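Dear colleague,

I am handing over the structure below, and my notes on what was found in it follow underneath. Please read them with the model open beside you.

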Amino acid sequence: MAINVKLLVCDDDISTIDVIQSQLNCQELGIQCILRAYNGEAAIGIIERERPELILCDIGMPKVSGIEVLKYIYENGVYTEFAFLTCYEDFEYAREAVRYGATNYLTKPIDFDELNEALLRMISSVNEHLAQWEKGEDQSARDT
């Protein structure tokens, strides 16, 4: 498992975040902390400050939508594993999600087995990314 992995959960339904926080076995998954945002504007602020490795985000939220949060990440080159957790099953939203690099598209009501599997895949990708980055750092140190 990755060390110190942060998960940002962004949803305007506070009870959804509460349920996720109470049901996830963070220690087993290797998640250090769960950050909370109740709209996309707050999520962007947290992303800028905390750089979470994992993000679960609703689509339909006040101020800034989940799609706009994902576009912000994409346009600013922020490395994170991003998954939508939403009531929207619309193909157009899923297509936008893929276009801007979302890892997964999960629908509510939450299936915790599916959520855990998605998080494990996302954490595995974070670990692979970190390993490649460290290998690149090691290589560049040897080249100097």
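In this predicted model, five strands make up an open sheet with parallel pairing, and their order across the sheet is S2-S1-S3-S4-S5. Strand S2 (31–37) and strand S5 (104–107) are the edge strands, and each has a single partner strand, so one side of each is left without a neighbour in the sheet. From one strand to the next, the twist averages 20°.

At the S5 edge, strand S4 (residues 81–86) pairs with S5 in the parallel sense over four bridges, and Thr 86 is found opposite Thr 107 in S5.

Helix H1 (residues 14–23) lies across strand S1 (5–10), S2, strand S3 (54–57) and S4, and it runs at about 175° to S2.

You may also want to know about the cysteines. With a disulfide taken as a pair of cysteine sulfur atoms within 2.5 Å, the count comes to zero disulfides. Cys 26 takes part in no disulfide, and the nearest cysteine sulfur to its own, that of Cys 33, is 8.6 Å away. Seen from the other side, the closest cysteine sulfur to that of Cys 33 is the one in Cys 26, and because the separation is 8.6 Å, it is too far for a bond.

As for their surroundings, Cys 26 is buried, with a relative accessible area of 19%, whereas Cys 33 is partly exposed, with a relative accessible area of 25%; the cut-off for buried is under 20%.

With best wishes

Definitions and conventions: Residues are numbered from 1 along each chain as its sequence is written. This is a predicted model: local features need pLDDT of at least 70, side-chain atom pairs count only at pLDDT 80 or more; totals for chains, interfaces and linings use all residues. Side-chain values use heavy atoms; hydrogens and water are left out. Two strands pair if DSSP finds at least two bridges between them. Helices (H or I, at least four residues) and strands (E, at least two) are DSSP runs, numbered from the N terminus. Axes are lines fitted to C-alpha atoms, for helices over the stretch in contact, and angles run from 0 to 180 degrees between N-to-C directions. Contact means heavy atoms within 4.5 Å. Buried means under 20% relative accessible area, exposed over 50%, partly exposed in between (1.4 Å probe, protein chains only).
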